[in-house]
Amino acid sequence: MPLVKQGRITTDLFVHVADGAELPGDGAVLVSAERFLADPEALRRPGKLGVIWPNNRNLDDLVPHLDRLASVALVFPTFRDGRAYSQARLLRERYGYDGELRATGQILRDQFVFMTRAGFDAFEVKKDADADAFAATMKRYSVFYQPTGDGRVTALNRRMQLRHSESAGQ
């Protein structure tokens, strides 16, 4: 499954480890929420740790552990179920999570910009053609009107910056 991260198709460094399967000695791993919450201390090992978090699970269970997670993969079980958008905004804006925020599951090309604006920075896509489209879409928009979890400068802020630099130059 291709991974699009920061507008580029990239190699996924994280290995999905099934519940009950042995963890590799090192390297980046993604485990289920159930496995993670059952015994977070058992997952301490060399390498990055990530968790696959379902959109019907409360983030309050995850928040105390955010500082040790390199990646949180939020699940879209169907393209019509947008609860992971809310989870992403909460993780970025309320809880200050700055690790990889990955969208996984049923994600569509036309949702990519909205996902990015909600704070997602990595996307597991099903088809190579979708990966190319996702990567191209990331470069299409440079300014937005509404502030959101992706940290981009809004059109108003950009305008104010330009005015300030023009007045400073006079």
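User: Is Glu 41 buried or partly exposed here?

Analyst: In this predicted model, Glu 41 counts as partly exposed, because its relative accessibility is 48% and the partly exposed class runs between 20% and 50%. Glu 41 is found in the loop between helix 1 and strand 5.

User: And which residue does the side chain of Glu 41 join in a polar contact?

Analyst: The partner is Arg 44, and the polar contact between the side chains of Glu 41 and Arg 44 comes to 2.7 Å.

User: Let's move to Asn 55. Where does it lie, and is it buried or exposed?

Analyst: Asn 55 sits in the loop between strand 5 and strand 6, and it counts as buried because its relative accessibility is 8%, where the cut-off for buried is under 20%.

User: OK, so what polar contacts does the Asn 55 side chain make?

Analyst: One polar contact, of 3.1 Å, joins the side chain of Asn 55 to that of Asp 81, and another, of 3.4 Å, runs from the side chain of Asn 55 to the side chain of Arg 83.

User: What else does Asn 55 touch, leaving out residues up to four places away in sequence?

Analyst: Besides Asp 81 and Arg 83, Asn 55 touches Val 75, Pro 77, Ala 84 and Gln 87.

User: Gln 87, then. Where is that one, and why does it count as buried?

Analyst: Gln 87 is found in helix 2, and it counts as buried because its relative accessibility is 6%.

User: Which residues is Gln 87 in contact with, and what does its side chain do with Pro 54?

Analyst: Leaving aside neighbours within four places in sequence, Gln 87 is in contact with Trp 53, Pro 54, Asn 55, Arg 57, Leu 59 and Leu 74. A polar atom of the Gln 87 side chain lies 3.2 Å from the backbone oxygen of Pro 54. As for Asn 58, which is 29 residues from Gln 87 along the chain, the C-alpha atoms of the two are separated by 8.9 Å.

User: Switching to the big picture, how many helices and strands are there?

Analyst: The protein chain has five helices and eight strands, and along the sequence they follow the pattern β-β-β-β-α-β-β-α-β-α-β-α-α. The chain has 170 residues, of which 42% count as buried. Of the contacts with a separation of 6 or more, 49% are between residues 24 or more positions apart.

User: What about the largest nonpolar core, and which elements feed it?

Analyst: The largest nonpolar core has 33 residues, and those with the most contacts inside it are Leu 62, Leu 69, Val 72, Leu 74, Leu 91, Phe 120 and Phe 123. The elements giving two or more residues to this core include strand 4 (28–32), strand 5 (49–53), strand 6 (71–76), helix 2 (83–94) and helix 4 (128–140). As general background, nonpolar side chains in soluble globular proteins tend to be buried together.

User: What does Phe 120 touch beyond four places in sequence?

Analyst: Phe 120 touches Leu 74, Phe 76, Ala 84, Tyr 85, Ala 88, Leu 101, Arg 102, Ala 103 and Met 115.

User: Last topic: what is the volume of the largest pocket, and what lines it?

Analyst: The largest pocket has a volume of about 190 Å³ and is lined by 13 residues, of which Lys 5, Thr 11, Leu 13, Phe 14 and Glu 100 lie nearest its centre. By class, the lining is made up of four nonpolar, three polar and six charged residues, and strand 1 (3–5), strand 2 (8–10) and strand 7 each supply at least two of the lining residues.

User: Is Thr 11 buried or exposed, and where is it found?

Analyst: Thr 11 is exposed because its relative accessible area is 61%, where exposed means over 50%, and Thr 11 is found in the loop between strand 2 and strand 3 (14–16).

Definitions and conventions. Residues are numbered from 1 along each chain as its sequence is written. This is a predicted model: local features need pLDDT of at least 70, side-chain atom pairs count only at pLDDT 80 or more; totals for chains, interfaces and linings use all residues. Side-chain values use heavy atoms; hydrogens and water are left out. A nonpolar core is a set of buried Ala, Val, Leu, Ile, Met, Phe, Trp, Tyr and Cys residues joined through side-chain atoms within 4.5 Å. Buried means under 20% relative accessible area, exposed over 50%, partly exposed in between (1.4 Å probe, protein chains only). Helices (H or I, at least four residues) and strands (E, at least two) are DSSP runs, numbered from the N terminus. Contact means heavy atoms within 4.5 Å. A polar contact is a pair of N or O atoms within 3.5 Å; within protein, one must be able to donate a hydrogen and the other to accept it, and residues adjacent in sequence count only if both atoms are side-chain atoms. On a 1 Å grid over the protein atoms alone, a cavity is a set of points where a 1.4 Å probe fits but cannot get out, and a pocket is an open set with protein on both sides within 12 Å along at least five of seven lines; lining residues have an atom within 4 Å of a point. Grid points are joined across faces, edges and corners, and a volume is the space filled by probe spheres set on the points. Ala, Val, Leu, Ile, Met, Phe, Trp, Tyr, Cys and Pro count as nonpolar, Asp, Glu, Lys and Arg as charged, and the others, Gly among them, as polar.
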